[in-house]
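Student: I should like to work through a protein model by question and answer. Could we begin once the sequence and structure are displayed?

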Amino acid sequence: VLTQVDHWASGLRIQSVGNALLLLAFGPDSLSAPSLIANALGKGGMALFFALLAWGVLRESGGAGLPMRVQGRVRALLGAYTFRRNRLEALERELQTDPLTGVFNRRFLDATVPDILRLDQRRGDPSGLLLLDIDRFKALNDEHGHLVGEEALRHVAQLLQQTLRQHDCVIRYGGEEFLLLLPGAGAPAARALAEQVLAQLAGQPLPLPDPLPPAELYKRG
């Protein structure tokens, strides 16, 4: 809104009237450079304060009580702001999610996990980290093809998400490696969760068609 020409013109007129009143009330000294700077800073600060206050009120009320034409404009502005904010949040989630498995990726690990660990440290809570590696994964790819290997990664990621607590994080660390972040879990709790994860993985193997088609049909060119 503030970038529109008519708003800038209105602001310029108000500034000119204010300077004229200062000149009449306090004489030429009121228009000296220090006075003008202080004047501009004061007006700018107050304008920013009231703009933020008005924005908050309008955002909460949706423009209720304003004329219909103004209400429509307020709703349009709030809608555009909400859409942009939601789109940026969705884009950030997309950038921090592994597209194959749907769990977090290394970007999330680098950007967010240090903050989680620092928060636990300030609270005096322990933090558990488990590194999980799928054994003989290369042999699986070589024998059955990469599509079966990708299905195995998705299967493991899904079981990890089902087994861990709601506030735990599953991160694909790289290849067939997963990092499990367990906020608030000390060594005994982390060890118990690790045993639970292993039991869950052992009890639910990846279902595959029997017999499998030749591996060449699954391998990518």
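The exchange below concerns a predicted model and proceeds from the overall fold to individual residues.

Student: In which order do helices and strands follow one another along the sequence?
Tutor: The protein contains 8 helices and 3 strands. Read along the sequence, these elements give the pattern α-α-α-α-α-β-α-α-β-β-α.

Student: What share of the contacts with a separation of 6 or more is due to residues 24 or more positions apart?
Tutor: The protein has 221 residues, of which 26% count as buried. Among contacts with a separation of 6 or more, the share of residues 24 or more positions apart is 57%.

Student: How are H6 and H7 oriented to each other?
Tutor: Helix H6 spans residues 137-144, and helix H7 spans residues 146-163. The two pack with their axes 7 Å apart and at an angle of about 140°. An angle over 145 degrees would count as roughly antiparallel, and 65 to 115 degrees as roughly perpendicular. The angle of this pair fits neither range, and H6 and H7 are therefore oblique.

Student: Which residues make that contact, and how many of them are charged?
Tutor: H6 contributes Phe137, Leu140, Asn141 and His144, while H7 contributes His146, Val148, Gly149, Ala152 and Leu153. By class, the contact of H6 with H7 comprises 5 nonpolar and 4 polar residues, and the number of charged residues is none.

Student: Is His155 buried or exposed?
Tutor: His155 is found in helix H7. Its relative accessible area is 16%. The limit for burial is under 20%, so His155 is buried.

Student: Which backbone oxygen lies 2.7 Å from a polar atom of the His155 side chain?
Tutor: Leaving aside neighbours within four places in sequence, His155 is in contact with Gln204, Pro205, Leu206 and Pro207. The backbone oxygen that lies 2.7 Å from a polar atom of the His155 side chain is that of Gln204.

Student: Where does Glu150 lie, and what is the C-alpha distance between Glu150 and Gly175?
Tutor: Glu150 lies in helix H7. Its relative accessible area is 16%, so Glu150 is buried. Glu150 and Gly175 are 25 residues apart in sequence, and their C-alpha atoms are separated by 10.0 Å.

Student: How is the pair of rings of Phe104 and Phe108 classed?
Tutor: The count of aromatic pairs comes to 1. The ring centres of Phe104 and Phe108 are 3.7 Å apart, and the planes are at 10°. Planes under 30 degrees apart meet the criterion, so the pair is stacked.

Student: Which accessibility class does each of Phe104 and Phe108 have?
Tutor: Phe104 has a relative accessibility of 29%, and the range between 20% and 50% is the partly exposed one, so Phe104 counts as partly exposed. Phe108, at 6%, is buried.

Student: What is the C-alpha separation of Asn105 and Ile171?
Tutor: Asn105 is in the loop between helix H3 (68-95) and helix H4 (106-111). Not counting residues up to four places away in sequence, Asn105 touches Leu95, Gln96, Thr97, Asp98, Ile171 and Arg172. Asn105 and Ile171 are 66 residues apart along the chain, and their C-alpha atoms are separated by 5.3 Å.

Student: How far is the backbone oxygen of Thr97 from a polar atom of the Asn105 side chain?
Tutor: Asn105 counts as buried at 15% relative accessibility. Thr97 is one of the residues that Asn105 touches. The distance from the backbone oxygen of Thr97 to a polar atom of the Asn105 side chain is 3.5 Å.

Student: What is the value of phi at Arg136?
Tutor: Arg136 lies in the loop between strand E1 (127-133) and H6. Arg136 is exposed, with a relative accessible area of 68%. Most residues other than glycine have a negative phi. Arg136, a residue other than glycine, has a positive phi near 55°.

Student: Which residues does Pro126 touch beyond four places in sequence?
Tutor: Pro126 is in the loop between helix H5 (113-123) and E1. At 37% relative accessibility, Pro126 counts as partly exposed. The C-alpha atoms of Pro126 and Ala187, 61 residues apart along the chain, are separated by 8.3 Å. Not counting residues up to four places away, Pro126 touches Asp120, Pro183, Gly184, Ala185 and Gly186.

Key
Residues numbered from 1 in each chain as written. Predicted model: local features only at pLDDT ≥ 70, side-chain atom pairs only at ≥ 80, totals over all residues. Heavy atoms only, no water. Helix = DSSP H or I, 4+ residues; strand = E, 2+ residues; numbered from the N terminus. Buried < 20%, exposed > 50% of the residue type's maximum accessible area, 1.4 Å probe, protein only. Polar contact = N/O pair within 3.5 Å; in protein donor to acceptor, adjacent residues only side chain to side chain. Contact = heavy atoms within 4.5 Å. Axes fitted to C-alpha atoms, helices over the stretch in contact; angles between N-to-C directions. Parallel < 35°, antiparallel > 145°, perpendicular 65-115°, else oblique. Nonpolar A, V, L, I, M, F, W, Y, C, P; charged D, E, K, R; others polar. Phe/Tyr/Trp six-rings, centres within 6.5 Å; stacked < 30°, edge-to-face > 60°.
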